[in-house]
Each structure stands twice: as C-alpha cells, then as structure tokens.
Amino acid sequence: MNSLNIRDYKSSDKKTLLLLMQEFVEYYWPINPFKKEGINSKAVATYHTNKIIGYTKNHGGTIYVAIYNSNLVGFIGIGLNKQSYEDALEDIPMTIGYINAVFVTKSHRGSGIGQKLLNKAEQYFISKKCSHVALDVYDYNALAHEFYNKSGYIDRNIEMIKTL
C-alpha cells in the first residue's frame with residue numbers, strides 16, 4: 001500500500017532536501033535563458049537550501065516535506081511577509097503568506113503531491129491570519145506557472161528583461 005505523509009521538516013531531512021534541490025537546479029538550468037555555463041549544481045543547491053531554511057526561520061515560516069513510501073519526494077518552504085510601505089499606500093491592507101519554494105521530484109510529478117503541499121501551506125497561512133498568498137515563478141518555468149494558475153493563483157507583477 002502506498003502512503004503519503006506531509007509533515008514538518010526535521011534537520012535530519014537536510015541531506016535529502018539537498019538532493020531534491022540539486023534535482024531542481026538540474027531541472028531549472030536547461031530552461032533558464034540566462035543560465036551561467038559550467039555551474040556547480042551541488043553548490044547552487046546547497047546555497048538555495050540554506051537560503052530556504054534561513055528564510056523560514058526568519059519569517060515565521062516552516063518547511064513541509066512530502067514523504068511517500070518512506071522517501072522524501074517533495075517540499076515547500078513558506079514564510080510570512082509584511083506588506084511593504086509602498087504596497088500599503090496603494091493596495092488594500094494584506095497579511096501576506098509567501099511561498100519561497102516548491103518542488104516535487106520528477107518521478108512523482110502529476111500525482112497530486114504538489115497540490116497537497118500547496119494546500120498544507122495555505123492551511124498554515126490561514127492559521128496565521130493571512131489574507132493573501134504570494135509567490136514568484138519565472139515565466140519560462142511553464143510547468144510551475146500552469147500548476148499555480150490551476151491552483152487559483154493569478155499573475156500580479158510581470159518583470160520584463162532584455163539582453164543588450
């Protein structure tokens with residue numbers, strides 16, 4: 001029998017989290033039009049893993065991990081962001097939950113694990129009295145963009161870039 005459990009991250013998960021982040025880097029790099037050649041995916045994965053762990057600690061958040069048949073197959077890092085002064089001047093008052101990173105290993109994509117991680121994060125945000133959830137996704141990461149759109153997220157800010 002297959003079993004899925006979404007639970008809080010433990011420090012003992014870090015080694016596997018690093019491997020998942022390395023898989024993410026290897027997924028993301030080929031689709032990145034601004035990629036740097038010859039990157040060390042392990043070093044980049046280590047940097048981003050530590051950044052997510054630090055973000056969640058410093059922003060009242062957490063990391064949830066997806067365990068499927070005793071294997072860590074996905075994660076979501078989340079935190080709480082304060083509305084910026086500029087946004088407070090222009091927008092309705094908001095308490096904003098922020099999704100820092102979501103990843104599900106390739107072998108488990110399309111199985112509903114990403115949605116369950118997203119739902120768990122949204123439950124956390126509701127418990128913290130958040131009125132909105134935000135995240136960033138690169139335009140060229142079409143798979144993630146489609147996933148978020150199907151989950152009810154809309155495009156709000158579009159940053160454009162041009163190579164000179």
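# Exercises on strands, helices and rings

Eight of the nine residues of strand 4 are buried, so this strand is largely enclosed by the rest of the structure. The structure is a predicted model, and the exercises below start from strand 4 and work outwards.

## Exercise 1: the neighbours of strand 4

Find which strands pair with strand 4, and state for each whether the pairing is parallel or antiparallel.

*Solution.* Step one is to look at strand 3, which pairs with strand 4 (residues 96-104) in the antiparallel sense over eight bridges. Two places show this register in detail: Ile-78 stands opposite Ile-99 in strand 4, and Gly-77 stands opposite Ala-101 in strand 4.

Step two is to turn to strand 5 (residues 132-135), which is joined to strand 4 by four bridges and runs parallel to it. Here Ile-96 stands opposite His-132 in strand 5. To get from strand 4 to strand 5 the chain passes through helix 4 (residues 113-127), and the β-α-β crossover made in this way is right-handed.

## Exercise 2: strand 3 and its hairpin

Determine how strand 3 is joined to strand 2, and which residue between the two strands takes a positive phi.

*Solution.* Begin with the pairing: strand 2 (residues 62-68) and strand 3 run antiparallel and are joined by seven bridges. Within this pairing, Thr-62 stands opposite Ile-78 in strand 3, and Ile-78 is also the residue that stands opposite Ile-99 in strand 4.

Next, follow the chain through the turn, where the hairpin of strand 2 and strand 3 has two residues between the strands, and where Asn-69 takes a positive phi near 50°.

Finally, consider how covered strand 3 (residues 71-81) is: eight of its 11 residues are buried, which leaves the strand mostly covered.

## Exercise 3: the buried residues of helix 1

Work out which residues of helix 1 are buried, and against which elements they pack.

*Solution.* First take the helix as a whole: helix 1 (residues 14-31) has 18 residues and reaches 26 Å from its first C-alpha to its last, close to the 26 Å expected at 1.5 Å a residue.

Then list its buried residues, which are Leu-17, Leu-20, Met-21, Val-25, Tyr-28 and Trp-29. These buried residues pack against helix 2, strand 2, strand 3 and strand 4.

Met-21 serves as an example, because its relative accessible area of 4% places it among the buried residues, which lie under 20%. Leaving aside residues up to four places away in sequence, Met-21 touches Ala-45, His-48, Thr-49, Ile-52 and Phe-75.

A second view of the packing comes from Ser-41, which lies in helix 2 (residues 41-58) and is buried, with a relative accessible area of 15%. Again leaving aside residues up to four places away in sequence, Ser-41 touches Gln-22, Val-25 and Glu-26.

## Exercise 4: the aromatic pairs of Phe-103

Classify the ring pairs that Phe-103 makes with Phe-24 and with Phe-75, and explain why each pair counts as edge-to-face or tilted.

*Solution.* A pair of aromatic rings is described by the distance of the centres and the angle of the planes. A search of the whole structure finds 13 aromatic pairs. For Phe-24 and Phe-103 the ring centres are 5.6 Å apart and the planes stand at 75°, so the pair is edge-to-face, since planes over 60 degrees apart fall in that class. Because Phe-24 lies in helix 1 and Phe-103 in strand 4, this pair ties together parts that are 79 residues apart in sequence.

The second pair is handled likewise: the rings of Phe-75 and Phe-103 have centres 6.4 Å apart and planes at 45°, so the pair is tilted. As Phe-75 lies in strand 3 and Phe-103 in strand 4, the pair ties together parts that are 28 residues apart in sequence.

Accessibility completes the picture, for Phe-24 counts as partly exposed at 24% relative accessibility, whereas Phe-103 is buried, with a relative accessible area of 5%; Phe-75 is buried too.

The last step is to widen the view: ring pairs link Phe-24, Tyr-27, Tyr-28, Trp-29, Phe-75, Phe-103, Tyr-138 and Tyr-140 into a cluster. Over the ring of Tyr-27 sits the charged end of Arg-109, 5.0 Å from the centre of that ring.

Notes. Residues are numbered from 1 along each chain as its sequence is written. This is a predicted model: local features need pLDDT of at least 70, side-chain atom pairs count only at pLDDT 80 or more; totals for chains, interfaces and linings use all residues. Side-chain values use heavy atoms; hydrogens and water are left out. Buried means under 20% relative accessible area, exposed over 50%, partly exposed in between (1.4 Å probe, protein chains only). Contact means heavy atoms within 4.5 Å. Two strands pair if DSSP finds at least two bridges between them. The expected span of a helix is 1.5 Å times one less than its number of residues. Rings of Phe, Tyr and Trp (its six-membered ring) pair if their centres lie within 6.5 Å; planes under 30 degrees apart count as stacked, over 60 as edge-to-face and the rest as tilted. A charge sits over a ring if NZ of Lys or CZ of Arg is within 6 Å of the ring centre and within 35 degrees of the ring normal. A crossover is right-handed if, with the strands pointing away from the viewer, the path from the first strand over the helix to the second runs clockwise.
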